[in-house]
Amino acid sequence: MLELIIFAGLAAIVLYQLYAVLGRRVGRQPEDSPAVPTTATAVERAPDAAAQGADDGVVLTGLAAVKAKDPGFDVGRFLGGAKSAYEMIVKAFAAGDRAKLRDLLAPPVMAGFDTAIAAREAENRTESVEFLHQPRADLEKAELVGVDLARVTVRFLAEFRSRTKGPEGEGVEDRRTAELWTFERHLKSRDPNWMLIHVDAAEA
């Protein structure tokens, strides 16, 4: 009889401890989560908001921006004119024709060309250039700066023969060049000509 009482007491203690542990809520329970609203959340509405922003106004860049400002801009016609300008400038530089260069070059570029021409003149040298093939011109980059200033960079690949004459005699040299020329023009200007504002070496 005493043993039954002891076992009954132990059983009661174990059951109480189990209840104390299992009956207690541990951590966050499902019912603790807030109710999900029936209307769409901000994240769900984000695509619609972005689409609305795109509909309100699209910011154009690159060639598209230039064409939007000047619908008459034609890449093929521009590159054809750029090739003609390239040959004209290279030949004028070789001949030391400053008057012709001033009409085609921005002042900083003209200053660099003038320095080179002056150095050649100081050495009593003359030069002439003959293109072996028509230069190749590819559009490298186009951009709209500010409201109406367009800048277009063209990659030129050219082969020409340079004939020089100096105190030591005459020389002939065939050259192959690869350069990036950047042209600039105010699209609202009545002057249709583009000005060369920068020259960089490029990989062939």
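Biologist: What makes R161 and D174 a salt bridge in this predicted model?

Modeller: The closest N and O atoms of R161 and D174 are 2.6 Å apart, and because a salt bridge requires a side-chain nitrogen of Lys or Arg within 4 Å of a carboxyl oxygen of Asp or Glu, the pair qualifies. The pair links distant parts of the chain, with R161 in strand β3 and D174 in strand β4, 13 residues apart.

Biologist: Why is R161 called partly exposed?

Modeller: Its relative accessibility is 27%, and since buried means under 20% and exposed means over 50%, R161 falls in between and is therefore classed as partly exposed. The partner D174, at 46% relative accessibility, also counts as partly exposed.

Biologist: How do you know that E170 and K165 form a salt bridge, and why is E170 called exposed?

Modeller: The side chains of E170 and K165 meet at 3.5 Å, N to O, which is within the 4 Å limit, so the pair counts as a salt bridge. E170 has 67% relative accessibility, and because exposed means over 50%, E170 is called exposed, whereas K165, with a relative accessible area of 45%, is partly exposed.

Biologist: Why does D148 have no salt bridge, and which side chain of opposite charge is nearest?

Modeller: The nearest side chain of opposite charge, K188, is 5.0 Å away from D148, and because a salt bridge has to lie within 4 Å, this pair does not qualify. D148 is nevertheless buried, and it is found in the loop between β2 (136–145) and β3 (149–166). Leaving aside neighbours within four places in sequence, D148 is in contact with K69, R185, H186, L187 and K188, so that K188 counts as a contact, for which heavy atoms within 4.5 Å suffice, without being a salt-bridge partner.

Biologist: What makes the link between E184 and R151 a polar contact?

Modeller: The side chains of E184 and R151 are joined at 2.7 Å, and because a polar contact is a pair of N or O atoms within 3.5 Å, one able to donate a hydrogen and the other to accept it, the value fits the distance limit. E184 itself is found in strand β4 (residues 169–186).

Biologist: Which residues touch the most other members of the largest nonpolar core, and which element gives the largest share?

Modeller: Of the 32 residues in this core, F78, L105, V154 and F183 touch the most other members, and the largest share, eight residues, comes from α4.

Definitions and conventions
Residues are numbered from 1 along each chain as its sequence is written. This is a predicted model: local features need pLDDT of at least 70, side-chain atom pairs count only at pLDDT 80 or more; totals for chains, interfaces and linings use all residues. Side-chain values use heavy atoms; hydrogens and water are left out. Helices (H or I, at least four residues) and strands (E, at least two) are DSSP runs, numbered from the N terminus. Buried means under 20% relative accessible area, exposed over 50%, partly exposed in between (1.4 Å probe, protein chains only). Lys and Arg count as positive and Asp and Glu as negative; His and the chain ends are not counted. A nonpolar core is a set of buried Ala, Val, Leu, Ile, Met, Phe, Trp, Tyr and Cys residues joined through side-chain atoms within 4.5 Å.
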